[in-house]
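Have the model open in your viewer before reading on. This report walks through the pocket, the core, the ring contacts and a few single residues.

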Amino acid sequence: MTRRKYVVGNWKMNGLTAMLGEAKAIFAAAETHTSVDVALCPPFTLIGAMAAAAPGAAVGGQDCHASASGAFTGSVAARMLADAGARLVIVGHSERREGFGESDADVCAKAEAALAAGLSVILCVGEPRAVRESGGAIAYVLAQIAGSLPGEFDPARLAVAYEPIWAIGTGLVPTVADVADMHGAIRAKLNEQAGAGAASAMRLLYGGSVNGDNAAELLGAGDVDGALVGGASLTAAKFVPIVEAAASL
Ligand code: PGA
């Protein structure tokens, strides 16, 4: 099974309409690299404008509510994202799991809601520093997968992003061998939990301090199909080299 490379930018709580020019430049450059799927996940407020500014581009949300509608002040449902022009959504980012107390069951419910709304999903997992240092990273991440992976899904529409928490926004990255070990363990777990067909079709992204200098090495690691990029996704100058690295593999 050949899996297309997938490079996704997570703008987090950054971006005003003045930044739409960066998104347009990123998507224009991405079009020239036909072997790579590129997506950007801006804040909710920019989804509609970004989708309109870059017709055909994959624009996504960074979170969604598990319910379809209701009395959830401040929240946004998956089908609202789709209605605004989103094609995908990130669920279970560590900044949501840690900062907003989201459990594996919450993340699973969000992923199911997003799939039901027709969105693709990037489901994030990753261990804190103390767990990595104690040698428990793989067991920790596999338990997150056990608890947050939906029961039934289209593997073409669900990617898993491994993002060690200690590598996010810190400039620290695991060794290529550690990334390959983790991704291999994740794929074996998916094989056990979702079946061989799904496991071989699903894309596994690495995230955490990916930049133009380290992207080729990290994306070249075994079982890595792409990257989820935070800080380096905010400008075309920083993000396009990562897309180019993916295209070169
Ligand atoms: P970073 O963030 O690239 O800034 O480390 C990655 C992420 O949180 O998705």
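## Pocket first

The largest pocket has a lining of 24 residues, and those nearest its centre are Tyr6, Asp37, Val38, Ala58 and Arg87. Here, a pocket is an open set of points on a 1 Å grid over the protein atoms alone, with protein on both sides within 12 Å along at least five of seven lines; a lining residue has an atom within 4 Å of a point. Helix H1 (20-31), strand E2 (36-41), strand E5 (120-125) and strand E6 (158-162) are the elements that each give two or more residues to that lining. Helices (H or I, at least four residues) and strands (E, at least two) are DSSP runs, numbered from the N terminus. The space in this largest pocket comes to about 410 Å³, counted as what is filled by probe spheres set on the grid points, which are joined across faces, edges and corners.

A word on where this comes from: the model is predicted, so local features need pLDDT of at least 70 and side-chain atom pairs count only at pLDDT 80 or more, while totals for chains, interfaces and linings use all residues. Residues are numbered from 1 along each chain as its sequence is written, and side-chain values use heavy atoms, with hydrogens and water left out.

## The nonpolar cores

In soluble globular proteins, nonpolar side chains tend to be buried together. The largest nonpolar core in this model has 69 residues, and Val7, Val121, Val160, Ile186, Leu190 and Phe239 touch the most other members. Such a core is a set of buried Ala, Val, Leu, Ile, Met, Phe, Trp, Tyr and Cys residues joined through side-chain atoms within 4.5 Å. Helix H11 (residues 236-247) is the top contributor to this core, giving seven residues. Apart from it lies another core of 13 residues, including Leu88, Ile90, Ile122 and Leu205.

Which residues does Ile186 touch, leaving out those up to four places away in sequence? They are Val125, Val141, Leu142, Ile145, Val160, Tyr162 and Leu204, with contact taken as heavy atoms within 4.5 Å.

## Charges over rings

Two arginines have their charged ends over aromatic rings, and Tyr6 from the pocket lining turns up again. A charge sits over a ring if NZ of Lys or CZ of Arg is within 6 Å of the ring centre and within 35 degrees of the ring normal.

| Charged residue | Ring | Distance to ring centre |
|---|---|---|
| Arg96 | Phe100 | 3.8 Å |
| Arg203 | Tyr6 | 4.1 Å |

## Some single residues

Most residues other than glycine have a negative phi, and most peptide bonds are trans. Lys12 is not a glycine, yet its phi is positive, about 50 degrees; Lys12 is found in the loop between strand E1 (5-10) and H1. Ser209 also has a positive phi, of about 60 degrees, without being a glycine, and belongs to the loop between strand E7 (204-207) and helix H10 (215-219).

Is Ser209 buried or exposed? Ser209 counts as buried because its relative accessibility is 19%, given that buried means under 20% relative accessible area, exposed over 50% and partly exposed in between (1.4 Å probe, protein chains only).

Gly184 is part of helix H8 (residues 176-194) and counts as partly exposed, at 24% relative accessibility. Gly184 and Asp223 are 39 residues apart in sequence, with their C-alpha atoms 5.9 Å apart in space.

Definitions and conventions
On a 1 Å grid over the protein atoms alone, a cavity is a set of points where a 1.4 Å probe fits but cannot get out, and a pocket is an open set with protein on both sides within 12 Å along at least five of seven lines; lining residues have an atom within 4 Å of a point.
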